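Here are my notes on the model you sent over, point by point. Have it open in a viewer while you read.

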Amino acid sequence: GLLRNDNGTVFKPNDRYPLTKDVFRLYYISLSADRQTIDVYVEDNFGRMQQLTFSFNTKRRKIRKSPLQ
């Protein structure tokens with residue numbers, strides 16, 4: 001999947017990105033129909049790290065055919 005922030009920066013796996021704001025948003029786009037789990041690590045200036053784990057189940061959409069087709 002793709003993980004990006006609110007200004008459109010797409011995050012690469014295992015890279016570090018500085019937070020420039022106190023409040024930010026992360027957006028995740030699944031590229032698979034399988035269940036997915038991502039880990040996000042947040043580290044402060046003192047080297048303390050917090051791991052956040054997110055799990056997603058993708059809803060499968062059923063495509064209906066028009067009765068006119």
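1. A word on pairing before the strands come up: two strands pair if DSSP finds at least two bridges between them. With that in hand, look at β4 and β5 (residues 49-56), which run antiparallel and are joined by eight bridges. Keep in mind throughout that this is a predicted model.

2. Staying with that pair, β4 and β5 make a hairpin, and five residues sit between the two strands. Gly47 is in the turn and has a positive phi of about 85 degrees. If you want a register marker, use Val42, which stands opposite Gln50 in β5.

3. Now the other strands. There is an open sheet of three strands, in the order β2-β1-β3, with antiparallel pairing. Its edge strands are β2 (10-11) and β3 (26-29), each of which pairs on one side only. Between β1 and β3 the antiparallel pairing covers four bridges. As general background, strands of a sheet pair through backbone hydrogen bonds, either parallel or antiparallel.

4. Asn5 deserves a click. Asn5 belongs to strand β1 (residues 2-5) and stands opposite Leu26 in β3. Is this residue, Asn5, buried or exposed? Asn5 has a relative accessible area of 14%, and the cut-off for buried is under 20%, so Asn5 is buried. Its side chain still has a polar partner, as the Asn5 side chain reaches the backbone nitrogen of Thr9 at 3.0 Å. Setting aside neighbours within four places in sequence, Asn5 is in contact with Phe11, Arg25, Leu26 and Tyr27.

5. Another polar residue to check is Gln36, placed in strand β4. Gln36 counts as buried at 13% relative accessibility. Which residues does Gln36 touch, not counting those up to four places away in sequence? The list for Gln36 is Gly1, Tyr28, Ser30, Leu31, Phe54, Ser55 and Phe56.

6. On to charges. In general, side chains of opposite charge can pair when their charged atoms come close. How many salt bridges does a search of the whole structure find? The search finds three. One of them joins Lys21 to Asp6, with the closest N and O atoms 2.9 Å apart. Lys21 lies in the loop between β2 and β3, while Asp6 lies in the loop between β1 and β2, so this salt bridge ties together parts that are 15 residues apart in sequence. Both ends are partly exposed: Lys21 has a relative accessible area of 44%, and Asp6 has 33%.

7. Glu43 and Arg16 form another salt bridge, and here the closest N and O atoms are 3.3 Å apart. This pair links distant parts of the chain, with Glu43 in strand β4 (residues 36-43) and Arg16 in the loop between β2 and β3, 27 residues apart. Glu43 is partly exposed at a relative accessible area of 37%, whereas Arg16 counts as exposed at 68%.

8. Asp44 and Arg48 also meet through their side chains, in a salt bridge of 2.7 Å from N to O. Asp44 is partly exposed, with a relative accessible area of 30%. Arg48 has 55% and is exposed.

9. Last, the rings. The count comes to two aromatic pairs. Phe11 and Tyr17 have ring centres 4.5 Å apart and planes at 65 degrees; the cut-off for edge-to-face is over 60, so that is what this pair is. Phe11 counts as buried at 19% relative accessibility, and Tyr17 counts as partly exposed at 32%. Phe11 is also one of the contacts of Asn5 from point 4.

10. The pair of Tyr28 and Phe56 is stacked, at 5.0 Å centre to centre and 15 degrees between the planes. Tyr28 sits in strand β3 and Phe56 in strand β5, so the stack links distant parts of the chain, 28 residues apart. Tyr28 is partly exposed, with a relative accessible area of 22%, and Phe56 counts as partly exposed at 32%. Gln36, from point 5, touches both Tyr28 and Phe56.

Terms used:
Residues numbered from 1 in each chain as written. Predicted model: local features only at pLDDT ≥ 70, side-chain atom pairs only at ≥ 80, totals over all residues. Heavy atoms only, no water. Buried < 20%, exposed > 50% of the residue type's maximum accessible area, 1.4 Å probe, protein only. Polar contact = N/O pair within 3.5 Å; in protein donor to acceptor, adjacent residues only side chain to side chain. Contact = heavy atoms within 4.5 Å. Salt bridge = Lys/Arg side-chain N within 4 Å of Asp/Glu carboxyl O. Phe/Tyr/Trp six-rings, centres within 6.5 Å; stacked < 30°, edge-to-face > 60°.
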